[in-house]
Amino acid sequence: MNQPRTILIQNTTIITLGVTNRVLKNHSLRIADGKIQEFGPTKTLTPTPGDELLDGTGKVLLPGFINAHMHFYSSMARGLNKAEPATNFNDVLKNLWWKLDRGLSSEAVYLSAMTALIDSIRKGTTTLIDHHASPYAIKGSLDAIARAVLESGLRGDLCYEVSDRDGADIAKQGLDENVAFLKRLAQEPNPALRGHFGLHASFTVSDETMEKASGLAREFGAGFHVHLAEAESDQVQCLQEHGLRIVERFQKFGILGPKTICAHAIHIHEDEMKILADTKTSVVHNPQSNMNNAVGVADLLAFHSAGVYVGLGTDAMTVNMLQELRSAVWIQKIFQLNPSVGFMEAVNALTQGNPLIASRSFGPELGLGAIAPGNAADLVLMDYRPNTPLDEKTFAGHLVFGLAEANVDSTIAQGKILMKHGALQLNIDEDRILARSQEVSKELWEKVWG
Ligand SMILES: [Zn+2]
């Protein structure tokens with residue numbers, strides 16, 4: 001990518017988000033060296049000879065979206081119609097995901113990430129926190145995903161989900177893969193890559209493995225990324241096997257803390273919420289996946305009252321964060337049977353919770369999720385001409401009911417234009433990648449399901 005040093009986005013509406021959201025009409029914004037250099041009224045920011053110009057007329061500029069819980073490898077399941085029907089969540093895992101992940105090759109891992117990342121550029125999602133499994137192609141799998149992240153120009157936080165479900169040797173390989181990747185990040189720091197220590201979920205991780213993971217993560221100062229009480233059966237198993245509720249078990253092994261991400265957290269009690277709040281652990285809500293797997297609804301209002309940090313993820317159902325946001329709003333209203341609750345809790349999960357989670361991983365200095373001078377230039381420009389007043393007070397309603405249906409015009413990450421007026425600006429051959437992904441997924445489906 002040979003791009004000029006500065007980019008000037010002209011004459012647009014800037015929605016800053018951040019701690020104090022501002023809606024700034026007829027503004028321009030200049031990007032230099034990967035960062036937001038300055039912004040102000042259009043007439044005060046005139047083009048200079050080195051600027052690449054991006055017309056923002058009739059559009060709004062927002063911070064790029066963050067997906068706080070993703071599985072790139074799930075891209076390989078799109079359209080799959082071969083898995084046996086499931087009657088509960090454990091069947092979903094056994095009939096679909098744990099068969100699919102065992103069939104993944106290193107190339108499938110790379111392609112699943114690359115295709116999901118290209119989709120993410122099209123939807124304006126610039127940071128993704130992934131949770132990976134490929135039990136028969138573990139070694140180097142995080143490097144394969146990292147290669148795709150770097151080629152895409154987006155940012156990725158990666159981990160390998162350690163599990164005992166495929167035996168002790170595969171559990172050990174999972175531990176080793178997290179260590180190898182965290183070591184690589186320490187040796188070759190890159191602002192586009194971060195790592196967590198991955199664990200699948202309480203019910204597939206033995207005490208011995210959890211103890212090892214805890215010790216290894218501590219050596220690298222890494223937080224964990226783990227599924228928590230996605231189904232009631234996870235809690236039932238934990239109580240039977242360990243005599244503890246899951247959050248208590250995680251606390252016992254030192255899994256919780258400000259850098260740790262617990263996805264789902266549907267079936268947890270108030271005392272568990274208090275532990276999550278006290279340890280400043282983040283919970284990531286995945287409403288579309290929860291509906292698709294019929295596992296229940298996370299209680300956003302209870303999290304809010306308990307003071308738990310909540311973010312929003314897609315669990316690979318989509319990479320479109322505004323589509324996920326709409327689902328978060330609707331599901332909370334139906335769950336509480338009250339049309340006037342849950343709206344701001346859902347909006348804040350995306351606009352406040354995800355930036356916090358990203359800052360704990362990528363560092364607060366990048367200022368991901370907010371437009372301010374000096375922050376990283378990770379931005380999305382959307383086609384949006386509001387038909388009603390758009391200002392700080394009405395913004396949340398526009399986000400859910402208007403912007404969520406608007407098209408993404410341009411996507412910028414790390415100060416580089418990755419999509420301009422709908423056209424990808426990458427050095428990768430999308431047609432070739434899609435064609436190869438079709439071949440590899442077909443082979444994968446045939447290998448696993450015949
Ligand atoms: Zn998940």
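In which hand does α1 pass α14? The crossing of α1 with α14 is right-handed, where right-handed denotes a near helix turned clockwise from the far one by less than a right angle and left-handed one turned anticlockwise. The structure is a predicted model, in which local features need pLDDT of at least 70 and side-chain atom pairs count only at pLDDT 80 or more, whereas totals for chains, interfaces and linings use all residues. Residues are numbered from 1 along each chain as its sequence is written. Helices (H or I, at least four residues) and strands (E, at least two) are DSSP runs, numbered from the N terminus.

Helix α1 (residues 89-103) and helix α14 (residues 430-449) have axes that come within 9 Å and cross at roughly 115 degrees. Axes are lines fitted to C-alpha atoms, for helices over the stretch in contact, and angles run from 0 to 180 degrees between N-to-C directions. On the α1 side the contact involves K99, L100 and G103, which meet L444, K447 and V448 of α14; two residues are in contact if their C-beta atoms, placed from the backbone, lie within 7 Å. By class, the contact of α1 with α14 has 3 nonpolar, 1 polar and 2 charged residues. Here Ala, Val, Leu, Ile, Met, Phe, Trp, Tyr, Cys and Pro count as nonpolar, Asp, Glu, Lys and Arg as charged, and the others, Gly among them, as polar.

Helix α4 (residues 168-187) packs against helix α5 (residues 207-220) at an angle of about 5 degrees, with the axes 11 Å apart. The pair is therefore roughly parallel, a term for angles under 35 degrees (over 145, roughly antiparallel; 65 to 115, roughly perpendicular; the rest, oblique). A171, L175, N178, V179, L182 and A186 of α4 meet T209, K212, A213, L216 and F220 of α5. The residues of this contact divide into 8 nonpolar, 2 polar and 1 charged.

An open sheet of 4 strands has the order β6-β7-β8-β9, with parallel pairing; two strands pair if DSSP finds at least two bridges between them. At its edges are β6 (65-70) and β9 (193-195), each paired on one side only. Neighbouring strands of the sheet are turned by 15 degrees against each other on average, direction ignored. Within the sheet, 3 bridges join β7 (residues 125-130) to β8 (residues 155-158), and T127 stands opposite R155 in β8. Helix α12 (residues 343-362) lies across β6, β7, β8 and β9 and runs at about 75 degrees to β6.

A further open sheet has 5 strands in the order β10-β11-β12-β13-β14, again with parallel pairing. β10 (197-201) and β14 (309-312) each have a single partner strand, so one side of each is left without a neighbour in the sheet. The average turn between neighbouring strands of this sheet is 25 degrees, direction ignored. β12 (residues 261-264) and β13 (residues 282-285) pair over 3 bridges, with A263 opposite V284 in β13.

Antiparallel pairing occurs around β15 (residues 379-383), which is largely enclosed by the rest of the structure because 4 of its 5 residues are buried. Buried means 20 or more other C-beta atoms within 10 Å of the residue's own, exposed 12 or fewer, and partly exposed in between, with C-beta atoms placed from the backbone. β15 is joined to β5 (residues 59-63) by 5 bridges and to β16 (residues 408-413) by 4 bridges. V60 has M382 as its bridge partner in β15, and V380 has T411 in β16.
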